[in-house]
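Here are my notes on the model, written as numbered points. Have the structure open while you read.

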Amino acid sequence: DGSGSIEEIAQVANAQHLDYLIVTDHDNLQGRRDGKAGWHRKTLVLVDEEISTNKGHYVGLRLGQEVPRLQDPQRTIEEVSAQGGLGFVAHPFWPRRPWKRKEVSGMTGIEIYSAVDDASEANPLWLAFSTLFMGSEFSLLNSLERQEESLAWWDQLLSRGEPVVAIGSPDAHGLRRFGLHLGPYSTMFKLVRNHLLVRSISEKEIYEALARGHCFVSHDLVAEATGFTFVALSGNSVCGAMGDKVKLQKHLRLYAYLPSPGALSLFKDGQPVAKL
């Protein structure tokens, strides 16, 4: 339901040297049936579905066929899993369409950042004014906020021992208002990105990295994030990367590398325990 075709969106992704792009239109896989999935020059485009449950939206990846809309969330989660798919709760605290069934099980993960949440908090007239005079990047960067409720829910799930993967979503629709392009794909794709730890770019590797949590979310409008590293070391050997479960042992160290200058905060159970 965006303003751009898959070809136009892929062209933007190519211009930004993105390795992959996942298109999730509401309640359909039409783009796949139309032959739009696959390589668009140097960007691999995958086509999946954002499913409208009767209590919120759920992103289904690696699906074989469409999952029916307006079902109970737990039923939707189970149908995605039955297909061997991956499922993520979309924009769980977006005021216009929040996820109203927190006591569910079996999802792969949740969105800890969704651009629609920040957009809904911003004054549309201010967005239009700042976009007109200072550009869409400045406008959206100034609406960027830490989404505490989503992060708190993620922490709660992890503390219960549920291996829930965190992703971000630009929820890019090529939004136009007041005759202005308020959310162009070129800006939205830099506003939030999901970086994956993969050996090569393929459909199998992308889905497997998301399933295992071998990924991290970044706001590349703020700083270049490619190359960020967070691993567990035992001696000089890596014993775990992002998304892995690591056994507590003697001489275990956590190592982080930032590709751009910045502050580093380490959180445990929702609370900062170290800052650099």
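1. Terms first: helices (H or I, at least four residues) and strands (E, at least two) are DSSP runs, numbered from the N terminus. On that basis, serine 265 is found in strand β15 (residues 265–268). This is a predicted model, so to speak of ground rules: local features need pLDDT of at least 70, side-chain atom pairs count only at pLDDT 80 or more, and totals for chains, interfaces and linings use all residues. Residues are numbered from 1 along each chain as its sequence is written, and side-chain values use heavy atoms, with hydrogens and water left out.2. Overall picture: the protein has 9 helices and 16 strands. Its C-alpha atoms fill a box of roughly 60 × 45 × 40 Å, taken along the principal axes. For the radius of gyration (taken over C-alpha atoms; the globule rule is 2.2 Å times the number of residues to the power 0.38), a compact globule with 276 residues would be near 19 Å, and the protein agrees with its 19 Å. Of the 276 residues, 43% count as buried; here buried means under 20% relative accessible area, exposed over 50%, and partly exposed in between (1.4 Å probe, protein chains only).

3. Have a look at β4. All 6 of its 6 residues are buried, so β4 is largely enclosed by the rest of the structure. In a regular strand the side chains alternate between the two faces of the sheet. In β4 both faces are covered, with Gly56, Tyr58 and Gly60 buried on one side and His57, Val59 and Leu61 buried on the other.

4. What pairs with β4? Two strands count as paired if DSSP finds at least two bridges between them. Strand β3 (residues 43–53) runs antiparallel to β4, joined by 5 bridges, and threonine 53 stands opposite glycine 56 in β4. The link from β3 to β4 is a hairpin through 2 residues. β4 also pairs with strand β5 (residues 86–89), in the antiparallel sense over 4 bridges; glycine 60 has glycine 87 in β5 as its bridge partner.

5. From β5 onwards the sense changes to parallel: β5 and β6 pair that way over 2 bridges, with phenylalanine 88 opposite glycine 109 in β6. Strand β6 (residues 109–114) has 6 of its 6 residues buried, so β6 is largely enclosed by the rest of the structure. β6 and β7 run parallel too, joined by 5 bridges, and the bridge partner of isoleucine 110 is alanine 166 in β7.

6. On to the second largest pocket. On a 1 Å grid over the protein atoms alone, a cavity is a set of points where a 1.4 Å probe fits but cannot get out, while a pocket is an open set with protein on both sides within 12 Å along at least five of seven lines; lining residues have an atom within 4 Å of a point. Grid points are joined across faces, edges and corners, and a volume is the space filled by probe spheres set on the points. The second largest pocket holds about 1,100 Å³ of space. It is lined by 47 residues, of which Tyr20, Leu21, Ile22, Pro170 and Asn194 are the closest to its centre.

7. Which elements give two or more residues to that lining? They are α1 (6–15), β1 (20–26), β4 (56–61), β7 (165–169), α8 (185–191) and β10 (193–196). β1 gives the most, with 7 residues. By class, the lining has 24 nonpolar, 15 polar and 8 charged residues, where Ala, Val, Leu, Ile, Met, Phe, Trp, Tyr, Cys and Pro count as nonpolar, Asp, Glu, Lys and Arg as charged, and the others, Gly among them, as polar.

8. There is also an open sheet of 3 strands, in the order β13-β12-β14 with antiparallel pairing. β13 (237–240) and β14 (252–257) are the edge strands, each pairing on one side only. From one strand to the next the twist averages 45 degrees (axes are lines fitted to C-alpha atoms, for helices over the stretch in contact, and angles run from 0 to 180 degrees between N-to-C directions). Strand β12 (residues 229–234) pairs with β13 over 3 bridges, and leucine 233 has valine 238 in β13 as its bridge partner.

9. Is histidine 251, in the loop between β13 and β14, buried or exposed? At 67% relative accessibility, histidine 251 counts as exposed. Its C-alpha lies 6.7 Å from that of glycine 235, and the two are 16 residues apart in sequence. Serine 265 is partly exposed, with a relative accessible area of 37%; its C-alpha is separated by 23 Å from that of glycine 235, 30 residues apart along the chain.

10. Last, helix α9 (residues 203–212): Glu205, Ile206, Tyr207, Ala209 and Leu210 are buried here. Glycine 213 follows α9 and has a positive phi, near 75 degrees.
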